[in-house]
Every structure is written in structure tokens, then in C-alpha cells.
Amino acid sequence: MEEKIYFMPGDVVTLKQDIPYKPTMIVVKKETMTIRSNGVPNVSEDYFKGIRCRWFTSEGVLQEAIYNTKDLLKVEK
């Protein structure tokens with residue numbers, strides 16, 4: 001069984017995929033989506049969407065995206 005890895009705000013991460021110019025990113029927060037049950041008042045559930053990350057491109061433009069935890073690797077200091 002694969003060990004679970006938890007990402008916290010401020011962690012430095014990169015993509016697992018071997019692609020050219022892959023960014024080194026900072027974890028901003030865990031993203032969830034709230035879904036309300038139809039017909040049942042005051043009942044809602046939070047579903048995990050992914051990890052929001054920010055990084056700068058080589059041109060200095062700030063980028064932001066949500067990634068699945070399976071696509072991210074922590075960068076060791």
C-alpha cells in the first residue's frame with residue numbers, strides 16, 4: 001500500500017510527470033466543493049477537489065491551478 005502524503009500551505013511541490021519546464025510551486029490551500037442535498041434543508045457535504053498551487057513562469061507571470069494530490073511531489077529542502 002502506498003504511503004499517504006499530506007500537503008500543507010507553504011509546502012514546495014512540483015509535478016510527478018516528466019515534462020519540460022515543469023514548475024516548482026507553492027501550496028496555497030486544499031480546495032473543496034460543497035454540495036447541498038436537494039429537498040433536505042441544512043444538509044450539505046464537502047468534497048475534495050484538489051490542491052491549489054501558485055508559481056511564477058519564466059517570464060515572471062503569476063500562475064495558479066488546482067492539482068490532484070497524485071500528480072504532485074514534495075520538493076525536499
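**Close-up views of a predicted model**

**View 1. Five strands of this predicted model make up an open sheet.** Reading across, the order is β4-β3-β2-β1-β5, and the pairing is antiparallel. Two strands stand at the edges: β4, residues 62-67, and β5, residues 72-74. Each of these has a single partner strand, so one side of β4 and one side of β5 are left without a neighbour in the sheet. From one strand to the next, the twist averages 45°.

**View 2. Here we step in to see where β1 meets β2.** Strand β1 covers residues 12-15, while β2 runs over residues 24-36. Three bridges join the two strands, which pair in the antiparallel sense. Which residue of β2 should you look for opposite V13 as its bridge partner? That partner is M25.

**View 3. Now for the largest pocket, which holds about 460 Å³ of space.** Its lining is made up of 18 residues. To find your way to the centre of the pocket, look for K4, I5, Y6, F7 and T69, the lining residues that lie nearest to it.

**View 4. The same pocket can be viewed through the elements and residue classes of its lining.** Strands β2, β3 (residues 44-56) and β5 are the elements that give two or more residues to the lining of the largest pocket. The largest share comes from β2, with three residues. How does the lining divide by class? Ten of the lining residues are nonpolar and seven are charged, with one polar residue completing the set.

Note on methods: Residues numbered from 1 in each chain as written. Predicted model: local features only at pLDDT ≥ 70, side-chain atom pairs only at ≥ 80, totals over all residues. Heavy atoms only, no water. Pairing = 2+ DSSP bridges. Helix = DSSP H or I, 4+ residues; strand = E, 2+ residues; numbered from the N terminus. Axes fitted to C-alpha atoms, helices over the stretch in contact; angles between N-to-C directions. 1 Å grid on protein atoms, 1.4 Å probe; cavity = no way out; pocket = protein on both sides within 12 Å on 5 of 7 lines; lining within 4 Å. Points joined across faces, edges and corners; volume = space filled by probe spheres on them. Nonpolar A, V, L, I, M, F, W, Y, C, P; charged D, E, K, R; others polar.
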